[in-house]
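Me: I am new to this structure and would like a close look at one part of it, the pairing of aromatic rings. Which rings pair, how are they set against each other, and are they buried or exposed?

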Amino acid sequence: WCGSCKRISPIWSEFADLVSSAPEAWGQLRVACVKATDERNNPGTKHVKGFPTILYLLHGEVVGKYNGAGELHPLKSFATSMIELGLDLESEAVLTSKRALEQASKTEGRGDGAKSNREKQTRVQQEFEDLVPEVTDSTYFKRVQGRHTLLFVYAEWCMKSKAAMPHITSLAAFPDSIPRGTQVVRLKGTHYKAHPAGRHVLDFPSILFLDRDGIVAGKYNSTNHSVEALKEWAESFANSSPEDLQSAKEALEIQAENNFKRAQDAESAKKAEERQLDVDFQAAVPELTDANANETLSSGSDTVVMFYAEKCAECMAMKRAWMQLTQDPGTPSVKVLRNLSTKHKINPGMKFVKHFPTLLYFRGAVPVSQHEGQHTLSSFRQWIAQVAMSTGSHAVSLSEKLEKADRQAQDEDRRKQQDQETRIRKAKEEERRKAKSQERKKQRTRGA
């Protein structure tokens with residue numbers, strides 16, 4: 001029922017597919033989902049204050065919580081930052097993350113504590129924006145040429161960026177804390193990407209050292225964002241000879257080029273895999289079309305149909321499981337079909353399709369159930385077995401459910417319309433009352 005969960009679902013599926021298709025890049029990371037309204041006895045329960053909630057677990061313990069936007073790139077950045085903590089639960093980085101998470105869990109939802117925490121973060125961010133000059137795509141060269149520059153590339157939603165903000169503010173506010181002739185500036189990496197330093201930004205925050213021509217000469221790779229550590233790192237570049245600085249720039253360019261090629265290769269491989277999967281899917285799963293819908297659904301066998309769209313990421317993620325279901329649905333009397341809903345729209349199931357993918361169980365030409373569980377082979381088989389065993393009055397009538405939902409929606413629309421009409425009527429009455437009151441005042445003034 002959660003609208004936000006439905007919106008992020010295809011992104012989550014795409015992220016899961018990305019991780020599973022590149023184990024060499026993501027290591028032991030596994031992507032899963034929990035239906036929190038049913039499964040409440042798990043380590044993450046106390047950290048769930050709303051839906052959806054995305055948590056990072058290490059050896060069964062929650063060590064990170066995602067607070068960003070429901071988009072693929074921020075999710076990848078969050079996962080990468082968590083993986084960088086390592087696998088040791090007793091390491092300082094993991095313990096620090098756990099302590100921050102526990103503190104946030106204690107204060108979240110408690111009025112005074114949560115309010116105080118928000119106010120503090122607001123002050124920190126305001127000081128950061130006031131004291132650290134901003135660079136954009138259009139002002140990049142104008143701002144950075146002629147001086148050594150410490151460039152802080154960040155995302156407003158990124159917890160690591162927020163944690164580093166006070167240190168960056170201190171560097172900018174106290175010139176003695178950085179090498180002479182070096183400036184500190186900031187750049188919103190989610191807003192501005194068309195600048196020369198962009199190819200060196202793979203996650204947030206990214207701290208870069210630019211030479212006097214605005215070319216990246218160094219990238220900070222430590223998780224220690226203290227003023228002392230950043231000053232020492234900046235000094236190592238500011239005091240370098242022109243030859244050493246040139247060598248550093250060339251090494252970074254080679255690294256950036258290699259990263260770009262790897263990303264391109266990974267994207268090409270993913271697209272090729274998706275094309276092959278689509279070919280296999282179309283060959284393995286019979287299609288329900290406008291031409292054969294009535295005859296196919298009225299053949300006497302129960303039928304399950306996957307209604308999908310070509311560019312739907314979540315549909316792509318579940319095609320493999322649906323192909324396996326075609327080979328063995330677990331219930332021999334049930335046929336498994338697919339329907340490309342953007343092309344074939346004339347069939348009894350289309351009025352039930354509100355999003356993609358939608359999975360319907362047909363008894364004859366009548367849809368009697370819609371799958372609402374996880375998109376896994378075991379979940380599909382369990383759903384089919386349960387519906388196949390239900391007969392007569394025990395069968396779920398999807399039509400009745402839809403009609404009931406429509407009636408409820410219509411009643412809700414009527415109620416909202418009535419409330420709006422009441423508000424408008426009261427507003428007009430109030431305007432008339434004020435107009436009469438002003439008219440009486442004018443009359444008294446003229447009489448006086």
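Reply: What follows takes the aromatic pairs one after another.

The model is a predicted one, and in it the count comes to 17 aromatic pairs. One of them joins F128 and F152, whose ring centres are 5.8 Å apart and whose planes stand at 80°, so this pair is edge-to-face, given that planes over 60 degrees apart are classed that way. F128 belongs to helix α5 (residues 111–131) while F152 belongs to strand β3 (residues 148–154), so the contact ties together parts that are 24 residues apart in sequence. As for their surroundings, F128 is buried, with a relative accessible area of 0%, and F152 is buried too, at a relative accessible area of 1%, because the cut-off for a buried residue is under 20%.

Another of the pairs is formed by Y361 and W383, where the centres of the rings lie 6.1 Å apart and the planes meet at 85°, so that this pair is likewise edge-to-face. Here, again, distant parts of the chain are linked, since Y361 sits in strand β9 (residues 358–363) and W383 in helix α12 (residues 377–389), with their positions 22 residues apart in the numbering. Y361 is buried, with a relative accessible area of 0%, and W383, at 7% relative accessibility, also counts as buried.

Beyond these two examples, ring pairs also join several residues into a group: Y66, F78, W157 and F204 are linked into a cluster in this way.

Key: Residues are numbered from 1 along each chain as its sequence is written. This is a predicted model: local features need pLDDT of at least 70, side-chain atom pairs count only at pLDDT 80 or more; totals for chains, interfaces and linings use all residues. Side-chain values use heavy atoms; hydrogens and water are left out. Rings of Phe, Tyr and Trp (its six-membered ring) pair if their centres lie within 6.5 Å; planes under 30 degrees apart count as stacked, over 60 as edge-to-face and the rest as tilted. Helices (H or I, at least four residues) and strands (E, at least two) are DSSP runs, numbered from the N terminus. Buried means under 20% relative accessible area, exposed over 50%, partly exposed in between (1.4 Å probe, protein chains only).
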